[in-house]
Amino acid sequence: MDWSIQEIARLAGTTSRTLRHYDDIGLLAPSRVARNGYRHYDRTALVRLQRILLLRELGLGLPQIADVLDRGESEEGALEAHLAWLRQEQERMLRQIASVESTIHALREGGPIMAENMFDGFDHTRYKEEVEQRWGRNAYAAGDRWWRGMSADERREWQQRVADLAGDWVAAAEGGVDPASDVAQDLARRHVAWLMSVPGTPASENGGDTKAYVLGLADMYAADLRFAANYATRDGGTAGAEFVRDALRVYAEAAL
C-alpha cells in the first residue's frame, strides 16, 4: 500500500512542493513514480518522513537532518530514543504547568505560596547527563557546586541577568538588527562574558578553547528547540536563535 504525494502532504500538514524539495535534495525519495508523474510513498517512506518532521520540530536544518538519518541507526531504535526524550519533556512540562497553576491559584485566592513546589520542573540537574557527555563530569560538578553555593538573592540576580540578556537578543532580532552590527556584537560580547562566568565550562578555564565552545553553543541554540525557545520572537520558530547564532559566529571569529 502506498499514498499519493497529495495525500501525504495533507496528512502530514505540509505541501507537495516541500515533499518534492525533499526528493530533489535526496532527503526523502518517493517509493515509486506513477505514469502520470505523481510521486507515491510507502510505509518505509512514511516512517522516514515522520523522523524528518520530528527533527524539524527540534529546530534542525535539512543538512543536519540528512546527517542524522544517514547514521545507519535503525528507524525503530531512533524513534524509540526520540519518544523517550519526548516523554521526559512531557513530564517536565506537566510539572511546570502544575507548578504555575498552583502559584496562580495562590495569588488569586490570597493563599500561601509553597516555595518547595514553585520550581518543580525547573531543576537544572535534568541536564546533568547531557552536560557530562558534552564537556565531562568535572564541568557539571563545578557548575553544580557554583549554583548550589549561591544564596537565593545571588541566584535571582544571576537569573535576571540571563533574562535581560535573552530579552535584549529577542528585541534586536525583532528589530531586524544586522548580526555583524555594533548592537549585535555588543550583545555577543555580553553573552560570552556571561558564559565565561559559569565555572566548569571551557570558556571559564585558562587555556580552554573558548572559541570552539562558543561556536558549538551558537549552533546548538538554533538546532535544539530547548535552547531556541529562550530567543523565540513573536513570530515563533527559530529565527531569534539563528540571529544569536550568527552574531556569536561573527564575534567568535573576530574576538576569540
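**Exercise 1. Determine what share of the contacts between residues at least 6 apart in sequence joins residues at least 24 apart, and place this beside the overall make-up of the protein chain.**

Solution. Among contacts in the protein chain between residues at least 6 apart in sequence, 56% join residues at least 24 apart; the model from which this value is computed is a predicted one. The next step is to list the secondary structure, which amounts to 13 helices and three strands. Turning to burial, 34% of the 256 residues of the protein chain count as buried. Finally, the protein chain exposes about 15700 Å², and carbon and sulfur atoms supply 50% of that area.

**Exercise 2. Work out the order of the three strands in the sheet, and explain why one side of strand 1 and one side of strand 2 are left without a neighbour.**

Solution. The three strands form an open sheet in the order 1-3-2, with antiparallel pairing. Strand 1 (3–4) and strand 2 (32–33) stand at the edges and have a single partner strand each, so one side of each lacks a neighbour in the sheet. Looking at one pairing in detail, strand 2 and strand 3 (residues 39–41) run antiparallel and are joined by two bridges, and the bridge partner of Arg 32 in strand 3 is His 40.

**Exercise 3. Classify the packing of helix 1 against helix 2 from the angle between them, and name the residues that meet.**

Solution. Helix 1 (residues 5–12) and helix 2 (residues 16–24) pack at an angle of about 110°, and their axes are 8 Å apart. Since angles of 65 to 115 degrees count as roughly perpendicular, helix 1 and helix 2 are therefore roughly perpendicular to each other. At the residue level, Ile 5, Gln 6, Ile 8 and Ala 9 of helix 1 meet Ser 16, Leu 19 and Arg 20 of helix 2.

**Exercise 4. Decide whether Leu 27 is buried or exposed, and identify its contacts beyond the neighbours within four places in sequence.**

Solution. Leu 27 is found in the loop between helix 2 and strand 2. Its relative accessible area is 2%, and because buried means under 20%, Leu 27 is buried. Leaving aside the neighbours within four places in sequence, Leu 27 is in contact with Tyr 22, Arg 48, Ile 52, Leu 62, Ile 65, Ala 66 and Leu 69. In addition, the C-alpha atoms of Leu 27 and Asp 70 are separated by 9.6 Å, although these residues are 43 residues apart along the chain.

**Exercise 5. Assign Leu 53 to a burial class from its relative accessibility.**

Solution. Leu 53 lies in helix 3 (residues 43–57). Its relative accessibility is 27%, so Leu 53 counts as partly exposed, the class between under 20% and over 50%. Leu 53 and Gly 13 are 40 residues apart along the chain, and their C-alpha atoms are separated by 10.0 Å.

**Exercise 6. Check the end-to-end spans of helix 9, helix 11 and helix 13 against 1.5 Å a residue, and name buried residues in each.**

Solution. Helix 9 (residues 152–174) has 23 residues and reaches 33 Å from its first C-alpha to its last, close to the expected 33 Å; its buried residues include Trp 158, Leu 165 and Trp 169. Just after helix 9, Gly 176 takes a positive phi of about 70°. For helix 11 (residues 210–223), the 14 residues should span 20 Å, and the end C-alpha atoms are 20 Å apart, which agrees; among its buried residues are Tyr 213, Leu 217 and Met 220. For helix 13 (residues 239–255), the 17 residues should span 24 Å, which agrees with end C-alpha atoms 24 Å apart; Phe 243, Arg 245 and Tyr 251 are among the residues buried there.

Notes: Residues are numbered from 1 along each chain as its sequence is written. This is a predicted model: local features need pLDDT of at least 70, side-chain atom pairs count only at pLDDT 80 or more; totals for chains, interfaces and linings use all residues. Side-chain values use heavy atoms; hydrogens and water are left out. Two strands pair if DSSP finds at least two bridges between them. Helices (H or I, at least four residues) and strands (E, at least two) are DSSP runs, numbered from the N terminus. Buried means under 20% relative accessible area, exposed over 50%, partly exposed in between (1.4 Å probe, protein chains only). Contact means heavy atoms within 4.5 Å. Accessible areas come from the Shrake-Rupley method with a 1.4 Å probe; for residues, only the protein chains shown count as cover. The expected span of a helix is 1.5 Å times one less than its number of residues. Axes are lines fitted to C-alpha atoms, for helices over the stretch in contact, and angles run from 0 to 180 degrees between N-to-C directions. Angles under 35 degrees count as roughly parallel, over 145 as roughly antiparallel, 65 to 115 as roughly perpendicular and the rest as oblique.
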